[in-house]
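Here is a short briefing to read alongside the model. Please keep the sequence and the 3D view open.

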Amino acid sequence: MSAGPAGWTARLKAYEGRTATVAAVGRDPVNLPMIRHWCEAMGDTGPAYTGPDAVAPPTMLQAWTMGGLSGQVRRAGPFDDLLGLLDEAGCTSVVATDCEQEYLRPLRPGDEITYDTVIESVSERKATRLGSGYFVTTRMEVRSAGELVGTHRFRILKYAPAAARPGSGRPRPVVNRDNAGFWEGVAAHRLLIQRCAGCGTLRLPWLPGCGACGCLEWDTVAASGEGTVYSYVVMHHPPFPAFDPPYAVGLIELSEGVRIVSNVTGVPYDKVRIGMPVRLEFERYDAEMVLPVFRAGDGTEGGGH
């Protein structure tokens, strides 16, 4: 680092406005199979996404620009240079923090995608629970036939991992004004599902408004605790001090029809199967944190209901 912290920050900020990808082309045109897989995974049965006049769900915007397992081959040098500087500063870890999208027109099967990305901003050094580092925001402009169809802002934190504190245990959930009631319920051993006061649609995770009718009023219902494994992954890597891989993470479909991501316990990780019945339990990890988990196998206990 040269010229002290101020000089270092200025060096990083010199990358603002420089290109991260240039004239990149989506690996595949917008297509119905990808739309179908997305809708099945998300449980989205919207009629606009099927039939001869189908459009792609707007939230798929980033899907058409992903490089796949082979990586992004058109990434520009300045972005790699910026990440390299942060690595040199000890900020060797990275976590995605949030994204913002703007949709200007629907994408339709057959649309060819091109996109450019710029480094929009680099923050001053910030202290977080993960460690201190820098938030880097990129802005992607997505086009079809030269027409701007959407923008995608993506923010990462490049940070120097904080030293583990004895007994720090699992990472804390992010609690905000939109989901505080959910975590209050968990602390009381109740898994609360939002119910729209306008159309009665149930939703989980919690959101400020109904995705079906837009109503902002809601109440809650307590989950019965019964569910099945809708899908799952087995985590092998990366290792993390609070976890002991391999372990199974399931997408659980509750009997009420909503889904939640949680650990599957009670059976070895390699015995978890799609369709396996599970039962809600609440597991205490330390004096402050209780989390919902789902136990498979015989003789499962109830979840505090």
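**Strand pairing and a pocket**

V234 stands opposite A248 in β11. This is a predicted model. V234 lies in strand β10, residues 226-235. β10 and β11 run antiparallel and are joined by eight bridges. Strands of a sheet pair through backbone hydrogen bonds, either parallel or antiparallel.

**The barrel**

- Five strands form a closed barrel, in the order β10-β11-β12-β14-β13. Its pairing is mixed.
- From one strand to the next, the twist averages 50°.
- Helix α4, residues 180-187, packs on the sheet. This helix touches β12, β13 and β14. The direction of α4 makes about 65° with that of β14, residues 290-296.

**β10 with β13**

- Strand β13 covers residues 277-284. Three bridges join β13 to β10.
- The two strands, β10 and β13, run antiparallel.
- G227 stands opposite V278 in β13.

**β11 with β12**

- Strand β12 spans residues 259-265. Five bridges link β11 and β12, and the pair runs antiparallel.
- E253 faces R259 across this pair, with R259 in β12.
- β11 and β12 make a hairpin, with four residues between them.
- Which residue in the turn has a positive phi? G257 does, at about 105°.

**The second largest pocket**

- The volume of the second largest pocket is about 650 Å³.
- Which residues are the closest to its centre? They are M42, G43, R203, L204 and L207, out of 19 that line the pocket.
- Three elements give two or more residues to the lining: α2 (32-42), β8 (202-203) and β11 (247-254). Strand β11 is thus one to look at twice: β11 also belongs to the closed barrel.
- By class, the lining of this pocket has 11 nonpolar residues. Four polar and four charged residues make up the rest of the lining.

**Confidence**

- The mean pLDDT of the chain is 88. A pLDDT of 70 or more is reached by 91% of the residues.
- Where does pLDDT stay under 50? It does so over residues 299-305.
- For residues 299-305, the model has 21 contacts beyond four places in sequence.

Note on methods
Residues are numbered from 1 along each chain as its sequence is written. This is a predicted model: local features need pLDDT of at least 70, side-chain atom pairs count only at pLDDT 80 or more; totals for chains, interfaces and linings use all residues. Side-chain values use heavy atoms; hydrogens and water are left out. pLDDT is the predictor's confidence in each residue, from 0 to 100. Contact means heavy atoms within 4.5 Å. On a 1 Å grid over the protein atoms alone, a cavity is a set of points where a 1.4 Å probe fits but cannot get out, and a pocket is an open set with protein on both sides within 12 Å along at least five of seven lines; lining residues have an atom within 4 Å of a point. Grid points are joined across faces, edges and corners, and a volume is the space filled by probe spheres set on the points. Ala, Val, Leu, Ile, Met, Phe, Trp, Tyr, Cys and Pro count as nonpolar, Asp, Glu, Lys and Arg as charged, and the others, Gly among them, as polar. Two strands pair if DSSP finds at least two bridges between them. Axes are lines fitted to C-alpha atoms, for helices over the stretch in contact, and angles run from 0 to 180 degrees between N-to-C directions.
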